[in-house]
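Biologist: Before I plan anything at the bench, I would like a close look at a single part of this protein. Could you take one stretch of the fold and walk me through what surrounds it?

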Amino acid sequence: MVRPKRRACCLADKSDSRSGNWAALTVLAVSESTNADLKARAEAGAPDGTALRAIRQTGGKGREGRTWESPEGNLYLSFLKRPLAPKARWAELSFVTGIAVAEVLDRHTAGRIAVKWPNDLLLDG
């Protein structure tokens with residue numbers, strides 16, 4: 001885990017009128033994976049700005065095929081943003097988003113926010 005040391009850069013065109021507009025937030029009691037569920041919704045035509053939160057996840061997937069369960073009591077949230085950046089830069093978005101959210105939370109919480117690879121955040125973790 002590392003503490004962010006630099007400001008997050010912007011990969012979106014700042015003149016984009018979609019910036020900051022969120023379409024909908026859906027909260028599920030249980031999801032296998034908010035990322036997988038949101039990907040399916042995106043493929044079915046969910047609008048840019050759709051957010052999906054789960055109280056608990058039962059089938060999280062990580063690097064090297066690792067799986068895990070996410071118990072109640074934490075925030076499991078995925079946002080659908082269709083990037084304006086060139087496709088070659090899309091892989092950077094998880095890192096940039098993690099740093100940006102950590103910076104905002106760090107200013108508004110009493111605890112310390114740490115970034116865990118690449119887009120998980122830990123409070124006093």
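Modeller: A polar contact here is a pair of N or O atoms within 3.5 Å, where, within protein, one atom must be able to donate a hydrogen and the other to accept it. With that in hand, and keeping in mind that this is a predicted model, I would begin at S33, which sits in the loop between β1 and α1. A polar atom of the S33 side chain lies 3.1 Å from the backbone nitrogen of A36, a distance that falls within the 3.5 Å cut-off. S33 counts as buried because its relative accessibility is 12%, and buried means under 20%. Leaving aside neighbours within four places in sequence, S33 is in contact with Q57 and G59. S33 and S70, which are 37 residues apart in sequence, have their C-alpha atoms 9.2 Å apart in space.

S31, in strand β1, makes a polar contact of a similar kind to consider alongside this one: a polar atom of the S31 side chain lies 3.5 Å from the backbone nitrogen of T34. S31 is buried as well, at 2% relative accessibility. Not counting residues up to four places away in sequence, S31 touches D37, A54, R56, Q57, T58 and G59, and Q57 and G59 are also the residues that S33 contacts.

The setting of these two serines is a right-handed β-α-β unit made by β1, helix α1 (residues 34–43) and β2. Within that unit, strand β1 (residues 24–31) and strand β2 (residues 50–61) run parallel and are joined by 7 bridges, and A24 stands opposite T50 in β2.

The loop between α1 and β2 brings in a charged residue, and a general point helps in reading it. Side chains of opposite charge can pair when their charged atoms come close. D48 forms a salt bridge with K81, with the closest N and O atoms 3.0 Å apart. Since D48 lies in the loop between α1 and β2 and K81 in the loop between β4 (76–79) and α2 (93–108), the pair ties together parts that are 33 residues apart in sequence. The two partners differ in accessibility, for D48 counts as buried at 16%, whereas K81 is partly exposed with a relative accessible area of 35%.

The structure holds 3 salt bridges, and the others can be set beside that one. E64 pairs with R66, the closest N and O atoms being 3.5 Å apart; here E64 counts as exposed at 71% relative accessibility, while R66 is partly exposed at 47%. R89 pairs with E92, the closest N and O atoms being 3.1 Å apart, and both partners are partly exposed, R89 with a relative accessible area of 33% and E92 at 30%.

To return to the part you asked about, the picture is of S33 buried in the loop between β1 and α1, with its side chain in reach of the backbone nitrogen of A36 at 3.1 Å, and of S31 buried in strand β1, with its side chain 3.5 Å from the backbone nitrogen of T34.

Definitions and conventions
Residues are numbered from 1 along each chain as its sequence is written. This is a predicted model: local features need pLDDT of at least 70, side-chain atom pairs count only at pLDDT 80 or more; totals for chains, interfaces and linings use all residues. Side-chain values use heavy atoms; hydrogens and water are left out. Two strands pair if DSSP finds at least two bridges between them. Helices (H or I, at least four residues) and strands (E, at least two) are DSSP runs, numbered from the N terminus. A crossover is right-handed if, with the strands pointing away from the viewer, the path from the first strand over the helix to the second runs clockwise. A salt bridge is a side-chain nitrogen of Lys or Arg within 4 Å of a carboxyl oxygen of Asp or Glu. Buried means under 20% relative accessible area, exposed over 50%, partly exposed in between (1.4 Å probe, protein chains only). Contact means heavy atoms within 4.5 Å.
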